[in-house]
Amino acid sequence: MSFTEEELKLAQADATGDIQAWYMDDSTDDQRLPHKLEPDQPAPLDVLKKLGVLYWRVDADNHDTDPKLSAIRKVRNYSYKIITITPEKLPNYEEKIKSFYEEHIHEDEEIRCILDGSGYFDVRDEDDKWIRIDCRKGDLIVLPEGIYHRFTLDSANYITALRLFVGAPIWTPHNRPQEENASRMKYVDAFIKPTAAA
């Protein structure tokens with residue numbers, strides 16, 4: 001498949017953006033709370049990029065026709081499924097939210113485009129500290145294969161998102177520890193070892 005220069009340009013991850021992320025406290029309070037450190041310690045986009053996290057800002061209201069999202073899907077070969085998570089739509093909601101919050105990896109990228117509502121993806125940095133990424137309408141993020149992460153809704157208890165994937169969707173979580181998993185080793189070689197050597 002060939003791509004135009006415009007498609008390739010639009011499909012490049014945003015170099016800057018107003019996505020909010022911060023280092024988390026160690027509180028065991030409700031996972032849906034922000035859990036910011038006092039004082040706040042932001043994690044700007046360049047910190048996320050060093051961990052392999054990619055970010056785009058897209059037009060969520062026009063996701064079927066947005067040129068940027070169309071280019072991303074074409075260049076990265078993504079298909080998608082729309083998911084909605086609310087207490088009313090997800091059976092055993094509280095149990096499911098707790099299961100999403102178990103620290104795990106996937107053997108493929110995890111890609112979400114938020115169409116409405118909000119939630120948090122938490123990722124581990126190179127020092128094994130949690131960074132919370134506040135995902136809101138119009139945010140598209142890609143978590144790389146093998147990164148330790150977890151997900152929760154925020155206190156609004158509502159999100160609708162595109163769940164993007166390549167090929168057949170496989171979202172099997174592999175709970176920590178996964179140090180011998182090939183996807184985890186690939187991630188460590190690509191993102192953790194270079195940081196440690198710097």
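## A walk from the pocket to the rings

Start by selecting Ile 85, Phe 100, Glu 110, Arg 112 and Arg 163: of the 22 residues lining the largest pocket, these lie nearest its centre. Keep in mind as you go that this is a predicted model.

With those five on screen, show the pocket itself, which holds about 470 Å³ of space. Next, colour strand 3 (79-85), helix 4, strand 5 (110-124), strand 8 and strand 9 (159-165); each of them supplies at least two residues of the lining. Which element gives the largest share? That's strand 5, with four residues. Now colour the lining by residue type, and you'll get 11 nonpolar, six polar and five charged residues.

Stay with Phe 100 and add Phe 151. A search of the whole structure turns up five aromatic pairs, and these two rings form one of them, a tilted pair at 6.4 Å centre to centre with 55° between the planes. Phe 100 belongs to helix 4 (residues 93-100) and Phe 151 to strand 8 (residues 149-153), so the pair links distant parts of the chain, 51 residues apart. Are the two rings buried or exposed? Phe 151 counts as buried because its relative accessibility, 10%, falls under the 20% cut-off. Phe 100, at 26%, is above that cut-off and so is partly exposed. Bring in Phe 121 as well: ring pairs link Phe 100, Phe 121 and Phe 151 into a cluster.

Now jump to Trp 171 and select Phe 165 with it. This aromatic pair is edge-to-face, with centres 5.5 Å apart and 85° between the planes. Phe 165 has a relative accessibility of 12%, so it counts as buried. Then bring back Arg 163 from the start of the tour: its charged end sits over the ring of Trp 171, 3.8 Å from the ring centre. That puts two partners around Trp 171 in your view, Phe 165 and Arg 163.

For another arginine over a ring, select Arg 176 and Tyr 148. Arg 176 lies over the face of Tyr 148, at 4.2 Å from the ring centre.

Finally, zoom out and switch to cartoon. You should be looking at five helices and 10 strands. The C-alpha trace spans about 50 × 45 × 35 Å along its principal axes. The radius of gyration is 16 Å, which agrees with the value near 16 Å for a compact globule of 198 residues. Colour by accessibility as a last step, and 44% of the 198 residues count as buried.

Definitions and conventions. Residues numbered from 1 in each chain as written. Predicted model: local features only at pLDDT ≥ 70, side-chain atom pairs only at ≥ 80, totals over all residues. Heavy atoms only, no water. Phe/Tyr/Trp six-rings, centres within 6.5 Å; stacked < 30°, edge-to-face > 60°. Buried < 20%, exposed > 50% of the residue type's maximum accessible area, 1.4 Å probe, protein only. Lys NZ or Arg CZ within 6 Å of the ring centre and 35° of its normal. 1 Å grid on protein atoms, 1.4 Å probe; cavity = no way out; pocket = protein on both sides within 12 Å on 5 of 7 lines; lining within 4 Å. Points joined across faces, edges and corners; volume = space filled by probe spheres on them. Nonpolar A, V, L, I, M, F, W, Y, C, P; charged D, E, K, R; others polar. Rg over C-alpha atoms; globule rule 2.2 N^0.38 Å.
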